[in-house]
Amino acid sequence: MTPYIIECQRLTKQYGKKKALDQLELAIPSGRITGILGPNGCGKSTFFRILTGMVRPDEGSVRVLGQTPGWQTNQDIAYLPDRARWYPNHTARQSLEWGKSFLPGFSMERAIQLADYMDIDLDMKVGGMSRGQEARIMLILCLARDVQLIVLDEPFTGIDVISREAIVASLIDYLEESEQSILISTHDIQEVEGLFDYTVMMKAGRAIWSGNTEDLRAEYGSLRDVFRKMYVKEWNK
């Protein structure tokens with residue numbers, strides 16, 4: 001396995017007059033739980049869509065798993081987008097079976113174990129689920145796959161505090177035993193900063209800091225404090 005799961009050079013993507021990514025330079029090591037942090041609109045989702053081959057960059061290059069993103073790399077990537085669509089009449093079990101039918105490396109046994117751990121009633125219809133329950137189903141579809149890279153885009157958006165705490169607790173327990181590389185983008189720092197052993201801080205389509213999370217804490221304090229400083233003094237240069 002390459003020492004870097006992702007390598008970007010001058011990666012640029014523009015929508016109209018707005019640059020979602022602006023000459024992004026970044027290398028993310030393999031086998032780490034990496035937080036991609038930054039405010040809404042800083043380029044996190046565009047970055048993830050490029051990694052999964054859904055969007056092509058306008059300039060620059062990106063390597064994922066040592067290759068250019070595309071259908072081949074997607075066999076080894078589990079991607080949780082910031083929004084998902086469901087069949088409301090499906091039960092949770094049918095949703096997982098739907099995932100098993102086409103997702104490479106999907107383990108139904110592992111999915112059922114995760115559903116039990118996350119307190120999901122497999123006979124409940126998706127149309128009757130809360131936003132937090134839907135989010136847990138989405139996570140299960142990712143975490144039940146035996147792939148090299150898991151990409152979670154804003155997995156906590158719109159979820160109540162209690163559900164967020166339950167999801168984070170499930171992630172912590174799961175990820176302690178995982179050897180997969182995992183990227184999690186979020187602007188909700190407080191509950192999740194304990195997950196990350198590597199951190200990328202993004203602003204205006206660029207990486208303004210990347211490195212071991214403990215090094216960032218040693219220099220600036222908690223990730224929450226760092227996030228607050230993004231708009232003042234040195235973070236706003």
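Modeller: Helices (H or I, at least four residues) and strands (E, at least two) are DSSP runs, numbered from the N terminus, and the expected span of a helix is 1.5 Å times one less than its number of residues. This is a predicted model, in which local features need pLDDT of at least 70, side-chain atom pairs count only at pLDDT 80 or more, and totals for chains, interfaces and linings use all residues. Residues are numbered from 1 along each chain as its sequence is written, and side-chain values use heavy atoms, without hydrogens and water.

Colleague: How do you know that the span of helix H5 agrees with its number of residues?

Modeller: Helix H5 covers residues 131–143, and its 13 residues should span 18 Å. The end C-alpha atoms of H5 are 18 Å apart, so the two values agree.

Colleague: What makes H5 largely enclosed by the rest of the structure?

Modeller: Buried means under 20% relative accessible area, exposed over 50%, and partly exposed in between (1.4 Å probe, protein chains only). In H5, 10 of the 13 residues meet the buried criterion, and therefore the helix is largely enclosed. Among them are Gly132, Ala135, Arg136 and Cys142. Across the protein chain, 50% of the 237 residues count as buried.

Colleague: How do you know which radius of gyration a compact globule of 237 residues would have?

Modeller: The radius is taken over C-alpha atoms, and the globule rule is 2.2 Å times the number of residues to the power 0.38. For 237 residues the rule gives a value near 18 Å; the protein chain has 18 Å, so it agrees with a compact globule. The C-alpha trace spans about 50 × 35 × 35 Å along its principal axes.
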